[in-house]
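Me: Could you take a close look at one part of this model for me, and then work outward from there to the helix packing? I would enjoy a connected walk through the details.

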Amino acid sequence: MAIAASDILLTGRVAVVTGGGAGIGRGVAEGLAAFGASVAVWERDADTCAAAAAAVTGLPVVVDVRDSGAVDAALDRTEEELGTVSILVNNAGGTFRSGLLDTSENGWDALYRSNLRHVLLCTQRVARRLVATGTPGSVINVTSIEGVRAAPGYAAYAAAKAGVINYTKTASFELAPHGIRVNALAPDLTMTEGLAALSSGDVDAGAAIPVGRAGHVDEIAAAAVFLASDMSRYITGQTLHVDGGTEAAGGWYVHPRTGAPTLGPG
């Protein structure tokens, strides 16, 4: 079976990107649209939802994906207007600093709901429709480098992201007989609008990343397009680290002053 250039195209497919109003989500929405997909942007913020959808000539759906009823309504509207959803990108999420000794039950639950619960809800709802219609599909879960390493001050967030990785494996097994693939993307530091505002050019955000810089949303989007397309038809249950080599390096980095490979404090 030869590879064809058309294998990367998503023409005729309908994609949902949760948290698609800004940052990585918007970049992924734009990437999927560039390769032919009809895109629904699912986002809580009405303004960014409308702007992102307009940028991809897509469908804006204002929804809180932490709520099962809202997810059901969003999926109904998306399928009524665009057709059967065969690409789902579970990108919504967020975090805040909360030390282990100070994390409240409410704080833990909030981070679980923001980063893991919606992955179940959205995957389950979309997969049910695909199974019912006998349609193959691709689910892409956005996790994080923090899901595979210690994250002091962010234990609840890291635990949720680790959960996304394991959920990806289990869901891929259960859904494989139905032709539905499930994979994950694990970025490290990625230059979004929020990060750019925080850094203000004062900090070299990529100093500890082996390739020497932070990632760009388009690089995450490129990986998402690959996993959504037939180019990855035999790949499922995997977490692809789009992180400039951070996970592979295991703590090693190039010292900014000496240029020497360094492990731990310089």
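**A proline in a strand, and what surrounds it**

Reply: Happy to. Pro60 sits in strand S3, which covers residues 59-62. Please keep in mind that this is a predicted model. With a relative accessible area of 31%, Pro60 is partly exposed, because that figure falls between the 20% limit for buried and the 50% limit for exposed.

What does Pro60 touch, once its neighbours within four places in sequence are left aside? Its contacts are Val41, Cys49, Ala50, Ala53 and Arg77. For a longer view, take Val217: Pro60 and Val217 are separated by 157 residues in sequence, and their C-alpha atoms lie 20 Å apart.

Just before the strand there is a residue worth a glance. Thr57 belongs to the loop between helix H2 (46-55) and S3. The phi angle of Thr57 is near 50°, which is a positive value in a residue other than glycine. Thr57 is also exposed, at a relative accessible area of 76%.

Arg77, one of the contacts of Pro60, brings us to helix H3. Helix H3 (residues 68-81) packs against helix H4 (residues 105-133) at an angle of about 40°, and the two axes are 10 Å apart. H3 and H4 are therefore oblique to each other, and their crossing is right-handed. On the H3 side, the contact is made by Ser68, Val71, Asp72, Leu75, Asp76 and Glu79; on the H4 side, by Leu121, Cys122, Arg125, Val126 and Arg129. By character, the residues of this contact between H3 and H4 divide into five nonpolar, one polar and five charged.

Following H4 onward leads to a second proline. Pro136 lies in the loop between H4 and strand S5 (137-142). Is Pro136 buried or exposed? Its relative accessible area is 51%, so Pro136 counts as exposed. Setting aside neighbours within four places in sequence, Pro136 is in contact with Ser86, Leu130, His178 and Gly179. Ile180 also deserves a mention: Pro136 and Ile180 are 44 residues apart in sequence, with a C-alpha to C-alpha distance of 5.1 Å.

Now back to Val217, the distant partner in the Pro60 comparison. Val217 is among the H7 residues that meet helix H1. Helix H1 (residues 23-34) and helix H7 (residues 217-228) pack at an angle of about 50°, with 8 Å between their axes. H1 and H7 are therefore oblique to each other, and H1 passes H7 in a right-handed crossing. From H1, the residues involved are Gly23, Ile24, Gly27, Val28, Gly31 and Leu32, and they meet Val217, Ile220, Ala221, Ala224, Val225 and Ala228 of H7. The residues of this contact of H1 with H7 divide into nine nonpolar, three polar and no charged.

One last stop is a threonine in another strand. Thr190 lies in strand S7 (residues 190-191). Thr190 counts as buried because its relative accessibility is 9%. The side chain of Thr190 reaches the backbone oxygen of Asp188 at 3.1 Å.

To draw the threads together: Pro60 is partly exposed, Pro136 is exposed and Thr190 is buried. As for the helices, the pair H3 and H4 is oblique, and so is the pair H1 and H7. The H3 and H4 contact includes five charged residues, whereas the H1 and H7 contact has no charged residues.

How values were computed:
Residues are numbered from 1 along each chain as its sequence is written. This is a predicted model: local features need pLDDT of at least 70, side-chain atom pairs count only at pLDDT 80 or more; totals for chains, interfaces and linings use all residues. Side-chain values use heavy atoms; hydrogens and water are left out. Axes are lines fitted to C-alpha atoms, for helices over the stretch in contact, and angles run from 0 to 180 degrees between N-to-C directions. Helices (H or I, at least four residues) and strands (E, at least two) are DSSP runs, numbered from the N terminus. Angles under 35 degrees count as roughly parallel, over 145 as roughly antiparallel, 65 to 115 as roughly perpendicular and the rest as oblique. A crossing is left-handed if the near helix is turned anticlockwise from the far one by less than a right angle, and right-handed if clockwise. Contact means heavy atoms within 4.5 Å. Ala, Val, Leu, Ile, Met, Phe, Trp, Tyr, Cys and Pro count as nonpolar, Asp, Glu, Lys and Arg as charged, and the others, Gly among them, as polar. Buried means under 20% relative accessible area, exposed over 50%, partly exposed in between (1.4 Å probe, protein chains only). A polar contact is a pair of N or O atoms within 3.5 Å; within protein, one must be able to donate a hydrogen and the other to accept it, and residues adjacent in sequence count only if both atoms are side-chain atoms.
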